[in-house]
Amino acid sequence: MTDTPRIPYDVTDLGQAAEGVRRIEWADREMPVLRLIRERFEREQPLKGMRIGACLHVTTETANLMRTLKAGGAEVHLAASNPLSTQDWTAAALVSEYGISTYARRGEDNSVYYSHLRTVADTHPVLTMDDGCDLVSLLHKERPDQIPEILAGTEETTTGVIRLRAMAADGALRFPVVAVNEADTKHLFDNRYGTGQSTIDGLLRATNILLAGRNVVVAGYGWVGRGIASRMSGHGAHVAIVEVDPIRAIEALMDGYQVMTVGQAAPWGDVFVTATGNVNVFRREHFETMRDGAIMANSGHFDAELDLPALRAMAEGHIRDVRPNVQEFEIGGKRLHLVAEGRLVNLGAAEGHPAAVMDLSFANQALAAEYVAKHHQELEAQVYVVPKAIDAEVARLKLASMGIVLDQMTEQQLEYVSSWQHGT
Ligand SMILES: NC(=O)c1ccc[n+]([C@@H]2O[C@H](COP(=O)([O-])OP(=O)(O)OC[C@H]3O[C@@H](n4cnc5c(N)ncnc54)[C@H](O)[C@@H]3O)[C@@H](O)[C@H]2O)c1
């Protein structure tokens with residue numbers, strides 16, 4: 001039997017705490033940077049007395065961030081940032097093992113979701129930590145009297161940063177927010193290495209195909225597309241890139257890939273992955289020329305990169321599930337396949353980012369909280385990017401955790417690169 005915790009909470013089942021602890025500890029093994037920060041926080045207590053209101057996905061990785069903030073001396077209250085992403089075992093472990101007030105139940109409806117956010121707001125946080133700007137938005141709309149108590153906030157994702165920038169542009173944002181999403185050690189790892197690997201993970205879990213020797217088309221050669229292309233190529237696939245930006249296209253070509261138009265790629269490819277952030281990259285005319293057996297997946301944010309209404313209309317009455325997460329569309333005797341309904345394939349058919357990727361994102365969160373504790377008086381009500389020094393520190397700690405030591409410039413080199421007087 002679990003003792004009744006003495007902190008406020010609302011979770012589904014405290015009985016799942018032991019399972020949560022096992023999973024949180026497993027994730028922790030892959031999060032050495034956050035662990036190094038946690039150890040320093042324990043010694044230095046940089047967040048002592050700070051009340052943090054967090055609205056994040058309640059996952060094992062987030063649990064390790066919460067542990068780090070608590071180790072730094074903060075009092076933390078956590079609500080879910082999405083009703084469906086909560087892991088009930090993690091929520092249970094946070095409450096009964098780690099003593100962190102958590103308000104999150106997987107599948108909670110909208111009214112419970114917002115009541116949890118209000119409970120966090122009731123604790124009068126001085127720092128907000130958001131993933132999608134819901135807490136900041138609620139405080140601005142419903143608790144204007146609390147705003148003067150708030151030193152600053154941090155924001156995890158692109159969507160949240162877009163909302164915050166819109167608030168700042170309207171003059172509506174009333175406290176400073178640090179955009180963790182903008183750190184290089186966040187988007188570089190997350191979009192390129194995290195999505196690159198987990199997209200392939202999702203595709204393989206769903207289809208179990210052999211990639212070696214296959215023609216793979218990647219639409220978009222941005223951070224995500226580069227990661228997918230390099231991992232596909234590593235599996236022995238022939239990779240072609242579809243791009244609209246000439247610089248990205250020439251980069252793809254110099255990286256050793258073929259570059260094609262969508263029209264050229266459609267009859268060439270065996271597998272198609274979209275990562276453009278755009279709509280209807282593959283459309284009716286392309287589905288018409290694709291080969292029998294072609295497989296399509298999307299790793300962009302919305303399920304709009306493939307023209308699914310057209311695909312469904314073309315195969316009306318001839319659509320069936322052939323494996324979990326794989327739908328077959330029969331069009332004139334030819335079979336086309338769609339993975340994870342065209343939604344983010346790495347989340348729909350796999351487990352999203354590995355903990356090692358979240359390690360860097362959440363290291364930025366923890367250091368941003370420390371930065372706010374030290375520098376809030378210098379900050380104004382606007383959106384700040386993560387200071388370069390924090391970004392560099394996260395990269396340095398990651399290298400240190402892998403036992404890699406970085407070179408340093410000699411005195412002579414430092415003088416050389418900072419002087420304009422040296423010539424040929
Ligand atoms: N699956 C995930 O977990 C995950 C993680 C991070 C980002 N994303 C999403 O992936 C998408 C791409 O992110 P990114 O960081 O690579 O963005 P990015 O802006 O770096 O790259 C997008 C690329 O797509 C190209 N493009 C745009 N329209 C195109 C078209 N019609 N045809 C071909 N190419 C086109 C652009 O020129 C650009 O080079 C976004 O929707 C982003 O939200 C998903």
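User: What covers the buried residues of α5?

Analyst: A residue counts as buried if 20 or more other C-beta atoms lie within 10 Å of its own. In this predicted model, the cover over the buried residues of α5 includes the strands β1 (10–11), β2 (51–56), β3 (75–80) and β4 (101–104), together with helix α6 (134–142).

User: Which residues of α5 are buried?

Analyst: They are Tyr-113, His-116, Leu-117, Val-120 and Ala-121. Viewed down the axis of α5, these buried residues fall within an arc of 145°, so they line one face of the helix.

User: How many residues does α5 have, and what span should they give?

Analyst: The expected span is 1.5 Å times one less than the number of residues. Helix α5 (residues 110–122) has 13 residues and should therefore span 18 Å; the C-alpha atoms at its ends are 18 Å apart, in agreement. After α5 comes His-124, with a positive phi near 55°.

User: How should the same reading be applied to α16, and which of its residues are buried?

Analyst: Begin with its length. Helix α16 (residues 388–401) has 14 residues and reaches 20 Å from its first C-alpha to its last, close to the 20 Å expected at 1.5 Å a residue. Its buried residues are Ile-390, Asp-391, Val-394 and Leu-397. These cover an arc of only 130° around the axis, which puts them on the same side of α16. Lys-388 and Ala-389, on the other side of α16, are exposed.

User: What covers the buried residues of α16, and which residue just after the helix takes a positive phi?

Analyst: The cover includes three helices, α2 (32–44), α8 and α15 (355–375). Just after α16, Gly-403 has a positive phi of about 75°.

User: Helix α8 appears in that cover. Which strands does α8 lie across?

Analyst: Helix α8 (residues 184–207) lies across β11, β12, β13, β14 (326–331) and β15 (334–339), and runs at about 130° to β15.

User: What is the order of the strands in the open sheet?

Analyst: Such an order is read from one edge to the other. Here eight strands form an open sheet in the order β10-β9-β8-β11-β12-β15-β14-β13, with mixed pairing. Its edge strands, β10 (258–260) and β13 (319–323), each pair on one side only. Neighbouring strands are turned by 25° against each other on average, direction ignored.

User: Do β11 and β12 run parallel or antiparallel, and how many bridges join them?

Analyst: Strands β11 (residues 271–274) and β12 (residues 295–298) run parallel and are joined by four bridges. Val-271 stands opposite Ile-295 in β12.

Key. Residues numbered from 1 in each chain as written. Predicted model: local features only at pLDDT ≥ 70, side-chain atom pairs only at ≥ 80, totals over all residues. Pairing = 2+ DSSP bridges. Helix = DSSP H or I, 4+ residues; strand = E, 2+ residues; numbered from the N terminus. Axes fitted to C-alpha atoms, helices over the stretch in contact; angles between N-to-C directions. Contact = placed C-beta atoms within 7 Å. Buried ≥ 20, exposed ≤ 12 C-beta atoms within 10 Å, placed from the backbone. Arc of directions from axis to C-beta.
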